[in-house]
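Biologist: Could you take me through one pair of packed helices in this model, slowly and in detail? I'd like to know how the two are oriented and what lies between them.

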Amino acid sequence: MNLIIHTTTAIGIVLLVADTSKIVVHKKLNNPFLTGLLAFTIGFISHAVLDYLPHCYPVPQTIDGILGIIMIITMVSLTNKKYRLITVLTFMAVLLPDLVDQWPLILNKCFGLNLTPAGQFCPWHWSRFSGSIYNQVSDVSTLNHIIVLLAFGVICRFKWSELKVIFNRKKSLNNSICFSDSF
Ligand SMILES: [Zn+2]
């Protein structure tokens with residue numbers, strides 16, 4: 001899917017995983033690295049699932065790339081520093097499959113090079129498993145995009161209080177949020 005869909009999904013994953021009440025209950029999730037690792041795993045799997053679903057590319061590639069990078073930089077810079085590791089790991093996870101498989105194409109596009117792709121390592125990028133639909137309109141793709149965006153909206157609705165804490169770098173955390181102070 002478009003990069004902005006993957007980055008939107010990453011924000012939703014951060015909100016789901018960095019659930020402050022769950023962190024209090026499950027002491028192991030008190031460690032931001034473990035929580036970040038969980039977010040990374042979910043982010044990586046989410047990329048596979050989204051790419052597997054039938055999808056068109058409603059946002060042109062260049063605009064998508066620019067908007068996606070702006071989204072990532074903005075959200076990371078807004079993130080409360082106690083959640084920054086989790087946020088960065090989640091964005092890395094949703095970017096990683098495309099960076100691994102498409103870095104020569106990205107460099108070719110950015111710098112006018114002529115590198116040859118080494119091959120696709122992620123199965124969901126293989127034509128057999130990829131849900132990519134090019135050069136045509138697809139109702140299924142539209143439906144899948146709506147479902148993903150609706151799910152994101154629902155997560156934001158129910159995690160609004162976490163959202164205001166996590167993506168507010170000026171807000172200090174109180175004792176109910178049990179991340180290690182050493183982070
Ligand atoms: Zn991909």
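Modeller: Happily! In this predicted model, H1 and H6 run roughly parallel to each other, because the angle between them is about 30° and angles under 35 degrees count as roughly parallel. Their axes lie 10 Å apart, and the crossing is left-handed. On the H1 side, the contact is formed by Ile-5, Thr-8, Thr-9, Gly-12, Leu-15 and Leu-16; H6 contributes His-145, Val-148, Ala-151, Phe-152, Ile-155 and Cys-156. Sorted by class, eight of the residues in this contact are nonpolar and four are polar, with no charged residue.

Let's look at H1 itself. This helix covers residues 3-17, 15 residues in total, and spans 21 Å from its first C-alpha to its last, close to the 21 Å expected. Of its 15 residues, 14 are buried, so H1 is largely enclosed by the rest of the structure. Its partner H6 takes in residues 139-158.

For a second pair to set beside this one, try H4 (residues 61-78) and H5 (residues 84-111), whose axes are 9 Å apart at an angle of about 165°. That angle makes H4 roughly antiparallel to H5, and their crossing is right-handed. Here Ile-72, Met-75 and Val-76 of H4 meet Arg-84, Thr-87, Val-88 and Phe-91 of H5. By class, this contact has five nonpolar residues, one polar and one charged.

Methods:
Residues numbered from 1 in each chain as written. Predicted model: local features only at pLDDT ≥ 70, side-chain atom pairs only at ≥ 80, totals over all residues. Helix = DSSP H or I, 4+ residues; strand = E, 2+ residues; numbered from the N terminus. Expected span 1.5 Å × (residues − 1). Buried ≥ 20, exposed ≤ 12 C-beta atoms within 10 Å, placed from the backbone. Axes fitted to C-alpha atoms, helices over the stretch in contact; angles between N-to-C directions. Left-handed = near helix turned anticlockwise from the far one by under 90°. Contact = placed C-beta atoms within 7 Å. Nonpolar A, V, L, I, M, F, W, Y, C, P; charged D, E, K, R; others polar. Parallel < 35°, antiparallel > 145°, perpendicular 65-115°, else oblique.
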